[in-house]
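Here are my notes on the cysteines and on one of the pockets. Please read them with the model open.

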Amino acid sequence: MNFKTEPATIAAFLEDTSNLKNGWTPGVFFPETPEEVAALLRDAVADGRRYTIAGNGTGTTGARIPFGDHVIAMQKLDRIGEPEPTGDGRALLRVEGGALLQDVQSKASESGWFYPPDPTEKTCFIGSTISNNSTGSRSLKYGPTRNHVQALKIALPQGDLLDIERGERFADADGRFTLDLPLAGRVTFRLPDYAMPTTSKHNAGYWSTPGMDLIDLFIGSEGTLGVIVEATLLLRPAPERVIACLAWFRSEEELLTFVTEARAGSGGVSPRALELFDRRALEFLRQRYSEIPTETAGAIYFEEETTPDAEDACLEAWLDLMERCGSPVEKSWAALDSEGLQKLRDFRHQLPMLVNEWLSRQSESKVSTDMALPDERFADLFRLYRDACESESFTYIIFGHIGNAHLHLNILPRNHEEFLRAKTLYRQFVSEVLAMGGTLSAEHGIGKLKSEYLVQMYGREGITEMVRVKKALDPYLVLNIGNVIPVEYYQE
């Protein structure tokens, strides 16, 4: 196992896409096997070390940035097995935690299989997507990463390697788990009592539901309870056909009506993705795509899986729905093959790149949201963001997963005064979204940047209950301290 202390190597682990500054570490370990990860944790107390687990730098919450702790880099744990059919129309794929999502998806595709989770950034580590219960555009149909994980191998904070198979270990009637481990001995803990939001996308704090499967506690725990060194993923048969389209709308109300109808399956449509681009987002994209219609209030990108025999009827159903909702069908951008589908996805991925280019010419960072409401309240979230930003005269864009009532708002401050007002507005959004039954984080997680807001979501007692779970598995506090749980709560 390599250990690097050179400043050039270390520098690469002191940043992600969060813009969090001033991280530092004595050095970075590069384990090559699950056993080496476990050995580092086993000896952590004796060696006087704490560890931060490093994903591939695509996160937005500063989770991988150390503040004095050593780093465990996961990229050498990148092995990917072969799909193994299960006999029920699915397959299993065993992968190590440092495998890239795009490589996992390619391996599945080579054999005619399909791994549904699709976070926008395809160079993330698969272990990180599990630690964050990641989602993406296809979550409308397939749900979060949690739904596609059959088994995990986890390096626990005291050095045990724990294998968990879905369906084997459940919380008892009191919400307790008991584990008998070779190194840590008997570990008993009770799940937090807080209520989970009723959103379809959620990654804020530890998962806690009556009678839940143990595997679901580690999924979404952001590496604070253990390191995901290996996972067994559930694959589905690859769809025979996928149609996709960008539909333009002359008014926001027509756009929102279209989403309502599409989510309800009006006319027989069955979307696997419904993505919004508001008018301001399209103005950014027009820098690269001059053919975007000028008189448009926004656009919806949608996808549906179909078959060769049903493809024409599927497309006709969508065109009928677009016409009923006022979309100028003749101006829509449709994709009926893999090349066209990739072009439309590239269109969507250009947006954050263009925003970053704009920000590079400014002196302030963007203020962005990752909140979600219960699915049926998607229009409420859109109007909340739009009306508040218009009232403040901010430069902003709204885009993202409107089918799951999960929209990304990016406020783009032009000066420091606007930045401060945007941060104040963000705190207001947290209060209003939580009051409407929403979640603080739908997919990006909490990390270091949003832990203070997690207290607002679950209250002091809820955070204290999370600490009890954390300390049961990590009594010496060696793993990912500062992520998810505010540090001061460990002193209580």
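1. A disulfide here means a pair of cysteine sulfur atoms within 2.5 Å. Keep that cut-off in mind for the next points. Note also that the model is predicted.

2. Cys325 does not meet the cut-off. Its closest cysteine sulfur is in Cys245, 13 Å from the sulfur of Cys325, and so too far for a bond. Cys325 is also buried, because its relative accessibility is 7%.

3. Cys314 is a parallel case. The closest cysteine sulfur to that of Cys314 is again in Cys245, at 11 Å, which means it is too far for a bond. With 8% relative accessibility, Cys314 counts as buried.

4. The search of the whole structure gives zero disulfides.

5. Now the second largest pocket. Its volume is about 780 Å³. The lining of this pocket takes in 34 residues. Nearest the pocket centre lie Phe114, Arg138, Arg272, Leu341 and Arg345.

6. Which elements each supply at least two residues of this lining? They are helix H4 (101-110), helix H11 (338-360) and the strands S7 (113-114), S13 (241-249) and S15 (298-306). H11 gives the largest share, with seven residues.

7. Consider the chemistry of the lining. By class, the second largest pocket is lined by twelve charged, eleven polar and eleven nonpolar residues. When you inspect the pocket, begin with the residues nearest its centre, Arg345 and Leu341 among them.

How values were computed: Residues are numbered from 1 along each chain as its sequence is written. This is a predicted model: local features need pLDDT of at least 70, side-chain atom pairs count only at pLDDT 80 or more; totals for chains, interfaces and linings use all residues. Side-chain values use heavy atoms; hydrogens and water are left out. Buried means under 20% relative accessible area, exposed over 50%, partly exposed in between (1.4 Å probe, protein chains only). On a 1 Å grid over the protein atoms alone, a cavity is a set of points where a 1.4 Å probe fits but cannot get out, and a pocket is an open set with protein on both sides within 12 Å along at least five of seven lines; lining residues have an atom within 4 Å of a point. Grid points are joined across faces, edges and corners, and a volume is the space filled by probe spheres set on the points. Helices (H or I, at least four residues) and strands (E, at least two) are DSSP runs, numbered from the N terminus. Ala, Val, Leu, Ile, Met, Phe, Trp, Tyr, Cys and Pro count as nonpolar, Asp, Glu, Lys and Arg as charged, and the others, Gly among them, as polar.
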